[in-house]
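Here is a short briefing on selected local features. Please keep the sequence and the model open while reading.

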Amino acid sequence: MFQTLYSYFWWERLWLPENVTWADLEDRDGRVYAKASDLYITLPLAFLFLVVRHLFETYVATPLAGLLNVKEKIRLKATPNAVLEKFYAATTKHPKQADVEMLSKKSGCTVRQVERWFRRRRNQDRPSLLKKFREASWRFTFYLIAFIAGMAVIVDKPWFYDLREVWKGYPIQSMLPSQYWYYTIELSFYWSLLFSIASDVKRKDFKEQIIHHVATIILISFSWFANYIRAGTLIMALHDSSDYLLESAKMFNYAGWRNTCNNIFIVFAAVFIVTRLVILPFWIMHCTLVYPLDLYPAFFGYYFFNVMMVVLQSLHIFWAYLIIRMAQKFITGKARGGLGSDREETDNSEEEEEAAKNGPLSNGHPILNNNHRKTD
């Protein structure tokens, strides 16, 4: 049974054009070709990336946060309450007015106290500023190094300047050592992102992020199996060209450097739009959709690769819409608190207003600074 499924999965007509077999891609005469088994190493490397990330965040990002004066805001803690906690965990974090009134009767608290409890409890679940800074620092470092390495891999290749060269001699194109390492590192990193996404800062586009990571892993893996390596290196370098700018903007946002953050974000928006909405669809996707048909009839792999490219492009359009809206706010001066949208909620009760005037609260917690930054 397993052998039958294995044979169907690696059926040559799924992966390769007509009249080409796996035997044609066996190493010979000093020429080395991509093999599926080459990518097995990416899974243990992904876990190694997680270890390196932990060390980086502990010994590099944390001291850097201190140098940039990234400070945590002391949060008021919600008083332990079994009734409210059960509703919070099992039903919703944002109760409606009818729920608030019902919880008020069950818990013995006033309506205002219930509303305040939920605000504080939601704030407790929000990731700390230091955690966000450390994550952004790690991604910034990787994306910057990956972009520089990617450009070094492709800038001296003829297909970087003439996209028709991507398919010259395909699929009998030998693999270069630089391509092997570029693929291995990129795929390992995206595996590590997928493994850690549940524990990372959860953003509003959480579902889109999962789709992006899965689509990227499938694209990288498939392009390797089908020997689409030249196109794959171009696509990976193109994506890395803007990501490090976004992460650096986040870092400066968390450090409170508003003008620097806003200026970098505008540059990021411009690079993102040019690379993802112009170069990718009108150059790279044109290259993967049109040029191969001059050499061989369309086959399953051709359709599959380009469908995955369309999935990525759809995500780019979604993110571009959000990015343009944010860039407009920066340019017009309407963006309050910097990059992102996860603003902490504040307490406005008379009790806390009085506490703000008279000093620490009676429960021992200092009053919050209500001028919280927006975060991603």
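The points below cover a helix pair, the loop that joins the pair, and a kinked helix. The model is predicted.

**Helix pair H11 and H12**
- Helix H11 spans residues 258-289, and helix H12 spans residues 300-332.
- Their axes lie 9 Å apart and make an angle of about 155°.
- Angles over 145 degrees count as roughly antiparallel, so H11 and H12 are roughly antiparallel to each other.
- The crossing of H11 with H12 is left-handed.
- The H11 contact with H12 has 25 nonpolar residues, five polar residues and one charged residue.

**Phe299 in the loop**
- Phe299 sits in the loop between H11 and H12.
- Phe299 counts as buried because its relative accessibility is 7%, and the cut-off for buried is under 20%.
- Pro17 is 282 residues from Phe299 in sequence, yet their C-alpha atoms are 6.1 Å apart.
- Leaving out residues up to four places away in sequence, Phe299 touches Arg13, Leu14, Trp15, Leu16, Pro17, Tyr170 and Tyr228.

**Kinked helix H3**
- Helix H3 (residues 42-67) has a kink of about 40°, centred on Glu57.
- Glu57 is also one of the buried residues of H3.
- The others in that buried set are Thr42, Ala46, Phe49, Arg53, Phe56, Ala61 and Ala65.
- Helix H7 (129-154) and helix H8 (177-196) are among the elements that cover the buried residues of H3.
- Asn69, just after H3, has a positive phi of about 65°.

Definitions and conventions:
Residues are numbered from 1 along each chain as its sequence is written. This is a predicted model: local features need pLDDT of at least 70, side-chain atom pairs count only at pLDDT 80 or more; totals for chains, interfaces and linings use all residues. Side-chain values use heavy atoms; hydrogens and water are left out. Axes are lines fitted to C-alpha atoms, for helices over the stretch in contact, and angles run from 0 to 180 degrees between N-to-C directions. Helices (H or I, at least four residues) and strands (E, at least two) are DSSP runs, numbered from the N terminus. Angles under 35 degrees count as roughly parallel, over 145 as roughly antiparallel, 65 to 115 as roughly perpendicular and the rest as oblique. A crossing is left-handed if the near helix is turned anticlockwise from the far one by less than a right angle, and right-handed if clockwise. Ala, Val, Leu, Ile, Met, Phe, Trp, Tyr, Cys and Pro count as nonpolar, Asp, Glu, Lys and Arg as charged, and the others, Gly among them, as polar. Buried means under 20% relative accessible area, exposed over 50%, partly exposed in between (1.4 Å probe, protein chains only). Contact means heavy atoms within 4.5 Å. The bend at a residue is the angle between axes fitted to the seven residues ending there and the seven starting there.
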